[in-house]
Amino acid sequence: MIYIRQINIDDFNEIVKIHKDVFADHFLGQYSANLIKRYYLQFFEKTTFLIIEENEKICGFILGGHEKTLDSCKQAFIDSNKCMYLLESIYRPQIYVKGIKKFFEYFIKNKNTQKPSQYSYRLLSMGISKNQQKKGFGKKLLNCFEKISLANTKIYGVSCMRDNRVASNFYIKNGFNLEKKCSKSLYFYKKI
Ligand SMILES: CC(C)(COP(=O)(O)OP(=O)(O)OC[C@H]1O[C@@H](n2cnc3c(N)ncnc32)[C@H](O)[C@@H]1OP(=O)(O)O)[C@@H](O)C(=O)NCCC(=O)NCCS
């Protein structure tokens, strides 16, 4: 049986496994499971954070909300994990520069910096375990996320890496429009 529900505190180890499975080559995916778990825990009960399970086995997750809330969760993660984040960044040459840059960006906030997207309600992250993809789980999660989000917004945005063809196809197939292309990312929006 397929079931979508709000995430529970006991589900986070499984979310980290899925994150490591599908985002292994992305920035956050290269940090330790412990740090990734600490990151996701910051969003618990403050955002729309859903999981999909089949026969009680978690197959995927979706996470989003207002960008102010999302930003404050990210800031709280950095504030409470400074040492661990910096140490792990230093020991990972492939993300060292980006990791340190992101760290300082949280402390030197320039209010004049233009946001890449005009849509303040955001789908931050979603992932379906590799062996469960292309079975319609992503679409089901997205539909549920939209039903819940409708209480707060009629339009929302999402971004993905430019070279993530699967994600961009998925978003276009699910009714998103392209907002803009940046050097490394694509920005989409959707009216619910
Ligand atoms: C993107 C992702 C969430 C899609 O989840 P999914 O459960 O596989 O998607 P669905 O089965 O619901 O597919 C819905 C539609 O998306 C498109 N799609 C999904 N996987 C695709 C693939 N591998 N190649 C091309 N199109 C694909 C299809 O058009 C599909 O519709 P169809 O079945 O009518 O052809 C999943 O592939 C994933 O977790 N990817 C890795 C993580 C990621 O990139 N997340 C998004 C960026 S934040």
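User: In this predicted model, what share of the contacts in the protein with a separation of 6 or more comes from residues 24 or more positions apart?

Analyst: Residues 24 or more positions apart account for 69% of those contacts, where a contact requires C-beta atoms, placed from the backbone, to lie within 7 Å.

User: Why is the protein called as compact as a globular protein of its length?

Analyst: The secondary structure comes to 7 helices and 7 strands, and the radius of gyration of the protein is 16 Å, close to the 16 Å that the globule rule gives for 192 residues, so the description as compact as a globular protein of that length follows. Along the principal axes, the C-alpha atoms fill a box of roughly 45 × 35 × 30 Å.

User: What makes β1 and β6 edge strands of the sheet?

Analyst: The open sheet of 7 strands has the order β1-β2-β3-β4-β5-β7-β6, with mixed pairing. Because β1 (2–6) and β6 (177–181) each have a single partner strand, one side of each is left without a neighbour in the sheet. From one strand to the next, the twist averages 25°.

User: How do you know that β2 and β3 pair?

Analyst: Pairing requires at least two bridges between the strands, and strand β2 (residues 48–54) and strand β3 (residues 57–66) are joined over 7 bridges in the antiparallel sense, so the criterion is met. Within this pair, T48 stands opposite G64 in β3.

User: Why does N13 count as exposed?

Analyst: N13, which has its place in helix α1 (residues 12–22), has 10 C-beta neighbours inside 10 Å, and because a residue is exposed with 12 or fewer, N13 counts as exposed.

Methods
Residues numbered from 1 in each chain as written. Predicted model: local features only at pLDDT ≥ 70, side-chain atom pairs only at ≥ 80, totals over all residues. Helix = DSSP H or I, 4+ residues; strand = E, 2+ residues; numbered from the N terminus. Axes fitted to C-alpha atoms, helices over the stretch in contact; angles between N-to-C directions. Buried ≥ 20, exposed ≤ 12 C-beta atoms within 10 Å, placed from the backbone. Rg over C-alpha atoms; globule rule 2.2 N^0.38 Å. Contact = placed C-beta atoms within 7 Å.
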